[in-house]
Amino acid sequence: MVKLIDIAKFLGLSVTTVSYSLNDDPRIPAATKQRVIEAARKLGYAGKSGRFADKDYLRQVVLCINSLGGEIYSDIVYTMEKSLALNNCELMIYLGTEITKLKWLDGLFVLNPKISGDDIAKIAARRIPVVLMDRDEHADNVNVVTLDNFNGCYNTTSAAVNAGARTFAFIGGPKESFESRYRYEGFSKALADNGLQHRGILVLQTDFTYEGGITACRFLLENGSLPDAIVCANDETALGIIAGLKAGGVTKNIIVTGFDGVKPAETFPVRYITARVDHKHWATTSVYSLIHTIEHEEHQNIKIPVQTVEYNL
């Protein structure tokens, strides 16, 4: 059976161009469409349902992401690729921020805090389905599929309070990170609910990295006494904090909390609490939400639950 890729190789074009041509997409020049149609007929292409030009469309879906480093992003990309392939979609990764300049896309996932809301609105105005994975901001014609950032950090902080912590530091992510902001709000609410909001809490911002956690830990060690608990906005930063405590020879019993569910490899006597995330479920749900919008033009707001867990180090 002749496939789209066979036509693409025959003409020296991309599969995307062939797919769009057969579906009479206005972005394709008329001369190119005609070449593709003639080649399809010559090669005997019939489409998946046995009819030529049956709208069996290889959709191009873009994941706008901040980084490809780390196990979490790998899980998300791998799961999305598999789920999208089952729905005749191809995943493309975009590490930039100028999404309005993207020409070939039938759907967009946003997992990059540097992308502006105005640019997202411009994409949505083109009637391209958008799924926001990194913010709870509601806009016209977009889906929101986010982690329960607020309650995740509220619960890890509450667990630290229940374990006896009375003094705290919060190590957040970049200033523009929506996730870090929601997690800080959960942290603050947990302290307020326990009457601990007026205890001179130290708040530091990092870049969500292991190295950022080590740097923050050095600052804590060099600038006064350590708090009872160090609440981190993600696990990678928390692992850096633990490594910094170990390198600094800290003997005080400290609680460290994170967010994501990664089990630390470091062996160091701290009490480690984190919010476990099923990243594959998050990725799959985001894909289902996008496909649902493509097929039914309905938009969704979904919150992915997280689970508080403690690891013995």
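What follows is a chat about strands, a surface patch and cysteines in a predicted model.

User: Let's start with E1. Is that strand mostly covered or mostly open?

Analyst: Strand E1, residues 59–65, is mostly covered, with six of its seven residues buried.

User: Which strands does E1 pair with, and in what sense?

Analyst: E1 runs parallel to E2, and six bridges join them. E1 also pairs with strand E3, residues 107–111, again in the parallel sense, over five bridges.

User: Got some residues I can click on? What is the bridge partner of Val61 in E2?

Analyst: That's Leu91. On the E3 side, look at Val62, which stands opposite Leu108.

User: And how are E1 and E2 connected, what's the unit there?

Analyst: E1, helix H4 (residues 71–85) and E2 form a β-α-β unit, and that unit is right-handed.

User: Switching to the surface. Which residues make the nonpolar patch?

Analyst: Leu68, Ile93 and Leu95 make that patch, which covers about 260 Å². Ile93 belongs to strand E2, residues 89–94.

User: Why can Ile93 count towards a patch?

Analyst: Patch residues need over 30% relative accessible area, and Ile93 is partly exposed at 34%, so it clears that cut-off.

User: New topic: how many disulfides are there?

Analyst: Zero. Take Cys153: its nearest cysteine sulfur is that of Cys232, 9.1 Å away.

User: And why no bond for Cys217?

Analyst: Because its closest cysteine sulfur, also in Cys232, is 9.2 Å off, which is too far.

User: Are those two cysteines, Cys153 and Cys217, buried or exposed?

Analyst: Cys153 is buried, with a relative accessible area of 0%. Cys217 is buried too, at 0%.

Key
Residues are numbered from 1 along each chain as its sequence is written. This is a predicted model: local features need pLDDT of at least 70, side-chain atom pairs count only at pLDDT 80 or more; totals for chains, interfaces and linings use all residues. Side-chain values use heavy atoms; hydrogens and water are left out. Patches are made of residues with over 30% relative accessible area and no salt bridge: like charges are joined within 9 Å, nonpolar side chains (Val, Leu, Ile, Met, Phe, Trp, Tyr) within 5 Å. Accessible areas come from the Shrake-Rupley method with a 1.4 Å probe; for residues, only the protein chains shown count as cover. A salt bridge is a side-chain nitrogen of Lys or Arg within 4 Å of a carboxyl oxygen of Asp or Glu. Helices (H or I, at least four residues) and strands (E, at least two) are DSSP runs, numbered from the N terminus. Buried means under 20% relative accessible area, exposed over 50%, partly exposed in between (1.4 Å probe, protein chains only). Two strands pair if DSSP finds at least two bridges between them. A crossover is right-handed if, with the strands pointing away from the viewer, the path from the first strand over the helix to the second runs clockwise. A disulfide is a pair of cysteine sulfur atoms within 2.5 Å.
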